[in-house]
Amino acid sequence: MSNSNAHQVGTYLVTPMTNQTASGQYMASVSVRRGAYDRIFSLIPLFDDAARALAYALSQGRRFVTTGQLA
């Protein structure tokens with residue numbers, strides 16, 4: 001299965017995701033995958049718009065990878 005939201009960052013695959021809450025806001029999460037290992041992070045801020053939640057999740061995933069915060 002391919003995901004059009006997935007971005008290659010070095011040897012990692014960063015995939016932002018959203019989920020709409022009962023209040024109608026959007027929660028952001030990001031999957032950071034390398035080989036067979038996948039970490040999924042749920043992010044705290046809520047957003048009124050799914051596109052903003054996706055952009056935030058992608059930026060956080062890239063930051064996790066580039067700053068070495070996955071170790």
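## Strands side by side

Let's start in the middle of the fold: strands S3 and S4 run antiparallel and are joined by 8 bridges. One pair to look for is Met 27, which stands opposite Leu 46 in S4. The hairpin of S3 and S4 has 2 residues between the strands, and here Gly 35 takes a positive phi near 65°.

Now step back along the sequence. S2 and S3 also pair in the antiparallel sense, over 8 bridges. Their hairpin has 5 residues between the strands, with Gly 24 at a positive phi near 95°. S1 and S2 are antiparallel too, joined by 3 bridges. In the hairpin of S1 and S2 there are 2 residues between the strands, and Gly 10 has a positive phi near 65°.

Leu 13 is a handy residue for tracing these pairings. Gln 8 stands opposite Leu 13 in S2, and in S3 the bridge partner of Leu 13 is Arg 33.

## The whole chain

What you have in front of you is a predicted model. How confident is the prediction? The chain averages a pLDDT of 91, and 93% of the residues score at least 70. Among the helix and strands, the mean runs from 93 in strand S1 (residues 7-9), where confidence is lowest, to 96 in strand S3 (residues 26-34), where confidence is highest. As a reading tip, where pLDDT is low, the predicted coordinates should not be read in detail.

The chain contains 1 helix and 4 strands, and their order along the sequence is β-β-β-β-α. The radius of gyration is 12 Å, close to the 11 Å that the globule rule gives for 71 residues, so the chain is as compact as a globular protein of that length. Along its principal axes, the C-alpha trace spans about 35 × 25 × 15 Å.

How much of the chain is buried? Buried residues make up 30% of the 71 residues. As for contacts between residues at least 6 apart in sequence, 33% of them join residues at least 24 apart.

## The nonpolar core

The largest nonpolar core has 15 residues. The residues with the most contacts inside this core are Val 14, Ala 28, Val 30, Val 32, Val 65 and Leu 70. Which elements build the core? Strand S2 (12-20), S3, strand S4 (37-47) and helix H1 (50-66) each supply at least two residues. The largest share, 5 residues, comes from H1.

Leu 70 is a good place to explore this core. Setting aside residues up to four places away in sequence, Leu 70 touches Tyr 12, Val 32, Arg 39, Phe 41, Phe 64 and Val 65. Two of these, Val 32 and Val 65, are also on the list of core residues with the most contacts.

## A closer look at Ser 31

Let's finish with one residue in strand S3, Ser 31. Is Ser 31 buried or exposed? Its relative accessible area is 9%, and because buried means under 20%, Ser 31 counts as buried.

What does the side chain of Ser 31 meet there? It makes a polar contact with the side chain of Asp 38, at 2.6 Å. Leaving aside neighbours within four places in sequence, Ser 31 is in contact with Leu 13, Val 14, Thr 15, Met 17, Asp 38, Arg 39 and Ile 40.

Notes: Residues are numbered from 1 along each chain as its sequence is written. This is a predicted model: local features need pLDDT of at least 70, side-chain atom pairs count only at pLDDT 80 or more; totals for chains, interfaces and linings use all residues. Side-chain values use heavy atoms; hydrogens and water are left out. pLDDT is the predictor's confidence in each residue, from 0 to 100. A nonpolar core is a set of buried Ala, Val, Leu, Ile, Met, Phe, Trp, Tyr and Cys residues joined through side-chain atoms within 4.5 Å. Buried means under 20% relative accessible area, exposed over 50%, partly exposed in between (1.4 Å probe, protein chains only). Contact means heavy atoms within 4.5 Å. A polar contact is a pair of N or O atoms within 3.5 Å; within protein, one must be able to donate a hydrogen and the other to accept it, and residues adjacent in sequence count only if both atoms are side-chain atoms. Two strands pair if DSSP finds at least two bridges between them. The radius of gyration is taken over C-alpha atoms; the globule rule is 2.2 Å times the number of residues to the power 0.38.
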